[in-house]
Amino acid sequence: MYGKQKTQKNEQISAEWHYISHKSTDSTLTFTFSSQGSRVWYLDDVSVIHTQTSSEMLINGDFASSLNNGWTQYCNTNDTCGGGKFGQLTTSNCHGGVSCFTDHCLMPNLDYLTQTFTTIPNDLYVLSFWIRVIVTGGPAGLAAYVSLY
Ligand SMILES: [Ca+2]
């Protein structure tokens, strides 16, 4: 599944997407981030609800605990993203609770945050998340992608 949504400068949006699993046993949610200058992404309150049981499928979708709890990161190094710009927890500019995920991996590099969860074929799942970018100047490049398959 792939969706496209535009946000304005410093705007925060929440999105809700419906997803029907066609794979046999699991699905993977991936967030991909890239930016330039002092443009910084914030992600919080990620949820996947299995509608048949009303069950939350994700672990630590509110980023209340360490990223090692539930999430897997790829390319999140100083070498690939720029010093300190890879994905990590923050307590600034969050939507709920005390912490959320932030990323400003420098273009053209990409930084990945993923979580795989159990799915039942042909059942309906609802993905929702809150995302924001804070812009304080610099060159005008940034991108974030969300995929679930
Ligand atoms: Ca949070």
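**Exercise 1. Take stock of the fold.** How many helices and strands does the chain have, and in what pattern do they follow one another?

*Solution.* Start with the count: the chain holds one helix and ten strands. Keep in mind that this is a predicted model. Next, walk along the sequence, and the elements come in the pattern β-β-β-β-β-α-β-β-β-β-β.

**Exercise 2. Judge the overall shape.** Which radius of gyration does the chain have, and what would a compact globule have?

*Solution.* First, look at the extent: the C-alpha trace spans about 45 × 30 × 30 Å along its principal axes. Then take the globule rule, which for 149 residues gives a radius of gyration near 15 Å; the chain has 15 Å, so the two agree. Finally, check the contacts with a separation of 6 or more: 74% of them join residues 24 or more positions apart.

**Exercise 3. Explore the core.** Which residues touch the most other members of the largest nonpolar core?

*Solution.* This core has 25 residues, and Trp41, Tyr42, Leu43 and Cys100 touch the most other members. Now see where the core comes from: strands S2 (26–35), S3 (39–50), S7 (100–103) and S9 (124–135) each supply at least two residues. S3 gives the largest share, six residues. Zoom in on Cys100: leaving out residues up to four places away in sequence, its contacts include Tyr42, Leu43, Phe63 and Cys94.

**Exercise 4. Visit a loop.** Is Gly84 buried or exposed?

*Solution.* Find Gly84 in the loop between helix H1 (78–81) and strand S6 (88–90). Count its neighbours: 8 other C-beta atoms lie within 10 Å. A residue with 12 or fewer is exposed, so Gly84 is exposed.

Note on methods:
Residues are numbered from 1 along each chain as its sequence is written. This is a predicted model: local features need pLDDT of at least 70, side-chain atom pairs count only at pLDDT 80 or more; totals for chains, interfaces and linings use all residues. A nonpolar core is a set of buried Ala, Val, Leu, Ile, Met, Phe, Trp, Tyr and Cys residues joined through C-beta atoms within 7 Å. A residue is buried if 20 or more other C-beta atoms lie within 10 Å of its own, exposed if 12 or fewer, and partly exposed in between; C-beta atoms are placed from the backbone. Helices (H or I, at least four residues) and strands (E, at least two) are DSSP runs, numbered from the N terminus. Two residues are in contact if their C-beta atoms, placed from the backbone, lie within 7 Å. The radius of gyration is taken over C-alpha atoms; the globule rule is 2.2 Å times the number of residues to the power 0.38.
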